[in-house]
Amino acid sequence: MSFIRSLDRTQTDALHNTENKTVFDLLKKDITIGEVFPAVRKNQIYFYYKGGCLYKFANGVFTRDKAFEKYGYGGECASPYETAKIQVENKYTNAAGSDKERRLLNALCRHTFDGSNAFGTIVLDVEVNLNGNIGRGKKCDIVLFNIPSGELMFVEGKVFYDSRVNVKRGYTPEVIDQVNLYSAAIAEQELNIVAQYANHVRIINGLFGTNYPAPKKLVMRAKLLVYETPLRLTDNNAYSIETINAALGANDTAWFKQNERPSADDIWNSLCK
């Protein structure tokens, strides 16, 4: 199996039929205001909201993961669509109400479809399974697309206190192997990835009114983005940062401080030096 981004005419037509039009119109409205993010797959589209998959469209129908239903209901006045959004939001908010990794990354997606044209870099894809011989089943968090350069960049996002990032002195952060695996996976399919994302862009341009050019090339190493890096580092904190920078390369990692919320352009500029 290889990396594919497609949507055939049968599926495109089905999005607009009587059974699907109501949900699709609601999704498109939320896509335009940056609340929902559509990600093209192999003859499917996944619609993400605040860190989770709100709807999947495949085989001509919209479906939801029923596991979300245990995360609450919208009340008597809420529509099924609004209830679905509430359930996804509840799942990805922790007990203290602070943002989790997925929701921090989700904030970067707001400007891809809002027509603002204020950013040179957009989020083109999320939760990306490369489906190659290397790293199959593993998902890289986001793909950034820098419009001026025509380049694509795979980025893994983490919060600093994730145990895969912050470790005790003498241990190796797991995120190093994770990012290196993605680098190997994209190298395996370099030309195909660029071609498939050209298909991806063509599809979203047609469905959602964007006017993006086809990507031209791929940044050949996956990158690491870390949120919430503490202002005051403990010995273990400093060790973790030094170990990751040494293994991945300081130019391939971006460390943002507590409460910093970088834009897609900020991240691109930090990782493409």
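This is a chat between a student and a tutor about a predicted model.

Student: Let's begin with charges. What makes Asp125 and Arg5 a salt bridge?

Tutor: The rule asks for a side-chain nitrogen of Lys or Arg within 4 Å of a carboxyl oxygen of Asp or Glu. Here the N to O distance is 3.0 Å, so the pair meets the rule. The two partners come from distant parts of the chain, 120 residues apart: Asp125 sits in strand β5 (residues 121–129), and Arg5 in the segment before α1 (9–15).

Student: How do you know whether Asp125 is buried or exposed?

Tutor: Buried means under 20% relative accessible area. Asp125 has 0%, so Asp125 counts as buried. Arg5 has 3%, so Arg5 is buried too.

Student: How many salt bridges does that rule give?

Tutor: The count is 15. Among them is the one between Lys85 and Glu82, with 3.7 Å between the closest N and O atoms. That is within 4 Å, so this pair passes as well.

Student: Where do Lys85 and Glu82 lie?

Tutor: Both are in helix α3 (residues 80–91), three residues apart, which is about one turn of the helix. As for why that spacing suits a pair, an α-helix has 3.6 residues a turn, so residues three or four places apart point the same way.

Student: Why is Glu82 called partly exposed?

Tutor: Partly exposed covers the range between the 20% and 50% cut-offs. Glu82 has 36% relative accessibility, so the label fits. Lys85, at 6%, is buried. These two also belong to a network of salt bridges that links Asp30, Glu35, Glu82 and Lys85.

Student: What about Asp162 and Arg164: what makes them a salt bridge?

Tutor: Their N to O distance is 2.6 Å, and the limit is 4 Å, so they qualify. Asp162 comes out buried because its relative accessibility is 15%, while Arg164 is partly exposed at 29%.

Student: On to the strands. What is the order of the open sheet of four strands?

Tutor: The order is β1-β2-β3-β4, with antiparallel pairing. On average the twist is 25° from one strand to the next.

Student: Why do β1 and β4 count as edges?

Tutor: β1 (36–40) and β4 (61–63) each have a single partner strand, so one side of each has no neighbour in the sheet.

Student: How do you know that β2 and β3 pair?

Tutor: Pairing takes at least two bridges between the strands. Five bridges join β2 (residues 45–49) to β3 (residues 52–58), so they pair, and they run antiparallel. For example, Tyr48 has Cys53 in β3 as its bridge partner, and Phe47 stands opposite Tyr55 in β3. Their hairpin has two residues between the strands, and Lys50 takes a positive phi near 45° there.

Student: And what joins β1 to β2?

Tutor: Five bridges again, in the antiparallel sense, with Val40 partnered by Ile45 in β2. This hairpin has four residues between its strands, and Asn43 in the turn has a positive phi of about 60°.

Student: Why is β2 said to be largely enclosed?

Tutor: Five of the five residues of β2 are buried, so the rest of the structure largely encloses this strand. Both faces are covered: Ile45, Phe47 and Tyr49 on one side, Tyr46 and Tyr48 on the other.

Student: Which helix lies across β1, β2, β3 and β4?

Tutor: That is helix α2 (residues 18–32), running at about 65° to β4. Helix α6 (residues 190–208) packs on the sheet too, touching β1 and β2, and its direction makes about 135° with that of β1.

Student: Last topic, the rings. Why is the pair Phe57 and Phe62 called tilted?

Tutor: The centres are 4.9 Å apart and the planes make 55°. Ring centres must lie within 6.5 Å, so they pair; planes under 30 degrees apart would be stacked and over 60 edge-to-face, so 55° leaves tilted. Phe57, at 0%, is buried, and so is Phe62, at 15%. Both rings belong to a cluster with Phe47, Tyr55 and Tyr81, linked by ring pairs. The structure holds 12 aromatic pairs.

Conventions. Residues numbered from 1 in each chain as written. Predicted model: local features only at pLDDT ≥ 70, side-chain atom pairs only at ≥ 80, totals over all residues. Heavy atoms only, no water. Buried < 20%, exposed > 50% of the residue type's maximum accessible area, 1.4 Å probe, protein only. Axes fitted to C-alpha atoms, helices over the stretch in contact; angles between N-to-C directions. Contact = heavy atoms within 4.5 Å. Phe/Tyr/Trp six-rings, centres within 6.5 Å; stacked < 30°, edge-to-face > 60°.
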